Number of protein chains: 2
Amino acid sequence: MTRSDPHPAYVAVDWGTSSFRLWLIGQDGGVLAERRSAEGMTVAARTGFAGVLASHLAAISAPAGLPVLICGMAGAKQGWVEAGYLDTPAALAAIPAAAVRIPGVDADIRILPGLAQRDAAAPDVMRGEETQLLGAAGELGSGDHLVCMPGTHSKWVRLSGGRVEGFSTFMTGELFDAIAKNTILSHAIAEAGAVQGDNAAFRAAVKRMVDNPALATSQLFSVRAGSLIAGLSPDDAKARLSGTLIGLEIAGALSMVAEGTPVALVVSGGLGAPYRQALAAAGLSPFVIDADTAVRNGLAAGARALWSL
Amino acid sequence: MTRSDPHPAYVAVDWGTSSFRLWLIGQDGGVLAERRSAEGMTVAARTGFAGVLASHLAAISAPAGLPVLICGMAGAKQGWVEAGYLDTPAALAAIPAAAVRIPGVDADIRILPGLAQRDAAAPDVMRGEETQLLGAAGELGSGDHLVCMPGTHSKWVRLSGGRVEGFSTFMTGELFDAIAKNTILSHAIAEAGAVQGDNAAFRAAVKRMVDNPALATSQLFSVRAGSLIAGLSPDDAKARLSGTLIGLEIAGALSMVAEGTPVALVVSGGLGAPYRQALAAAGLSPFVIDADTAVRNGLAAGARALWSL
């Protein structure tokens, strides 16, 4: 944009561990400008959060003094200012009011809190996904929903009438990387390409996990054994590894809700295809919501609640 | 021993990936001398298998020309001479006759084969554990048994009247290392000591996996979340990681046999205490067999069958 563009109302920021995204939003709710960079929390904790934000605001010639609403890891203990957690069960509508204001600056800059499940047997936390949920809730009806947000740490949320009843984080993406790189399975998949969601080995691995999740770490070893004695190709080996971990996650999530609970998939980018295929292999037909849109809608809902915008 | 010691009959060798163990056995079945070193397959593949064996035989002044029976990774494709696999279902008594003789040497040196399960959905292999089984079978009655052999790659074997009906490998030990070192859980357990089998967090993690194995990768994340918001100590965090993986393994093994099948635990060293505690937490009372003794007894059974010793 240039200074002559009309009516900017606020700035929305999704500040993750390794990524930074900023939108300048107009008074009609439209996106006037957008910035993306790799200056996530890890980088900004070294270079300074205030400076990173200021540089991006300057790059789009944002008017001084606009309110800024931030979600994500900028509110972690290692972030800019700690924004704490709302405890579950938590109404999504209660999230904006719990935002923490950055002290010592003129502009009204706030960071949304995460959610915490303080359950001795299953403690859990999220930070950033609560804002996607807030945005996705507008597209979901009332009633019960099971919401899947895939990622390095996939979140599955039990939503009931706009309240987060509970949630579980599955280490799927991080385990995939750790196992693919640091175990004997690395030999079997070394020459594989990207996992294709329409791979039969992938779907079969998902299905077996939904049927008998207890065999997860045995099915992982079968990637190695299949490569040794059954001619399993590198592509199929990688698909079996991915399908095992995603299928185990789906089995776990389904174990927490009543059969027939509608499933929503909030996803963007490369994880969409494999998760859609995996859910289909598990017999589920999810309602799909774009994650990028959801986080922007969540920040917009927050801005409306905080500043009557 | 010295050259004046009486009546050596044969040499038994357990040649693993990272360890080498050799016993000189007398005509009465007693151990006359023993050697242990770190010259496993990985080292010997570089320095030469024949040389490693010869150096240890020389160190105990073994008479020239004694027959040598070897089990383990020396028979792998990357080993000394490939000893192939017997396919399941396989009678344990058929293992010795399938040993492969080292060509081009005067002495009768043979390597026992592994076992292969050529099942498209659950291909699996073992190499070395079949010899432990052969040795353990003498201590087990006839009938059905579920045999647990813990390790980097834990093996659970369905044994029926001396036949291996099928088996499953669980990547428990290797996953523990990969997850402890290469994921976000490393922070939670960085300052932990060795896992104690009598740790309540360990037993609770095992029990939860036996009750709902589908939540495995979520329970792994709870190690991180518990450390963040519930004051989980490093020792308890490490115990929960270990208990989750061992409990998942037990749940998977139990899913493959009829309820009430007697369980045997073949184990030596540091894994004995945690596996005994884990099996107890799962409500099982295993018959315990020493793994070192079992492999030596298995090699002895092989030597008797091959050379009428």
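This passage describes a pocket, the domains of one chain and the setting of a single serine in a predicted model.

The second largest pocket has a volume of about 1400 Å³. Its lining comprises 43 residues, and those nearest the centre of the pocket are Thr17(B), Met73(B), Arg127(B), Glu129(B) and Thr152(B). By class, 17 of the lining residues are nonpolar, 15 are polar and 11 are charged. Elements of chain A and chain B contribute to this lining. Helix H7 (216–229) of chain A supplies at least two residues, as does each of strand S1 (8–15), strand S10 (124–126), helix H3 (129–137), strand S14 (263–267) and helix H10 (291–307) of chain B. The largest share, 4 residues, comes from H7(A).

In chain A, the domain assignment gives domain 1, formed by residues 1–84 + 99–112, and domain 2, formed by residues 170–290. The C-alpha centres of these domains of chain A lie 35 Å apart.

In chain B, Ser154(B) belongs to strand S12, which covers residues 154–160. Ser154(B) counts as buried because its relative accessibility is 0%, under the 20% cut-off. The side chain of Ser154(B) makes a polar contact of 3.3 Å with the side chain of Glu249(B), and a polar contact of 3.1 Å links the side chain of Ser154(B) to that of Tyr275(B). When neighbours within four places in sequence are left aside, Glu249(B) and Tyr275(B) are among the residues in contact with Ser154(B). The other residues in this set are Met149(B), Ser168(B), Thr169(B), Phe170(B) and Thr172(B).

Technical notes
Residues are numbered from 1 along each chain as its sequence is written. Chains are lettered from A and ligands numbered from 1 in the order in which they are written. This is a predicted model: local features need pLDDT of at least 70, side-chain atom pairs count only at pLDDT 80 or more; totals for chains, interfaces and linings use all residues. Side-chain values use heavy atoms; hydrogens and water are left out. On a 1 Å grid over the protein atoms alone, a cavity is a set of points where a 1.4 Å probe fits but cannot get out, and a pocket is an open set with protein on both sides within 12 Å along at least five of seven lines; lining residues have an atom within 4 Å of a point. Grid points are joined across faces, edges and corners, and a volume is the space filled by probe spheres set on the points. Ala, Val, Leu, Ile, Met, Phe, Trp, Tyr, Cys and Pro count as nonpolar, Asp, Glu, Lys and Arg as charged, and the others, Gly among them, as polar. Domain bounds come from an automatic or database domain assignment. Buried means under 20% relative accessible area, exposed over 50%, partly exposed in between (1.4 Å probe, protein chains only). A polar contact is a pair of N or O atoms within 3.5 Å; within protein, one must be able to donate a hydrogen and the other to accept it, and residues adjacent in sequence count only if both atoms are side-chain atoms. Contact means heavy atoms within 4.5 Å.
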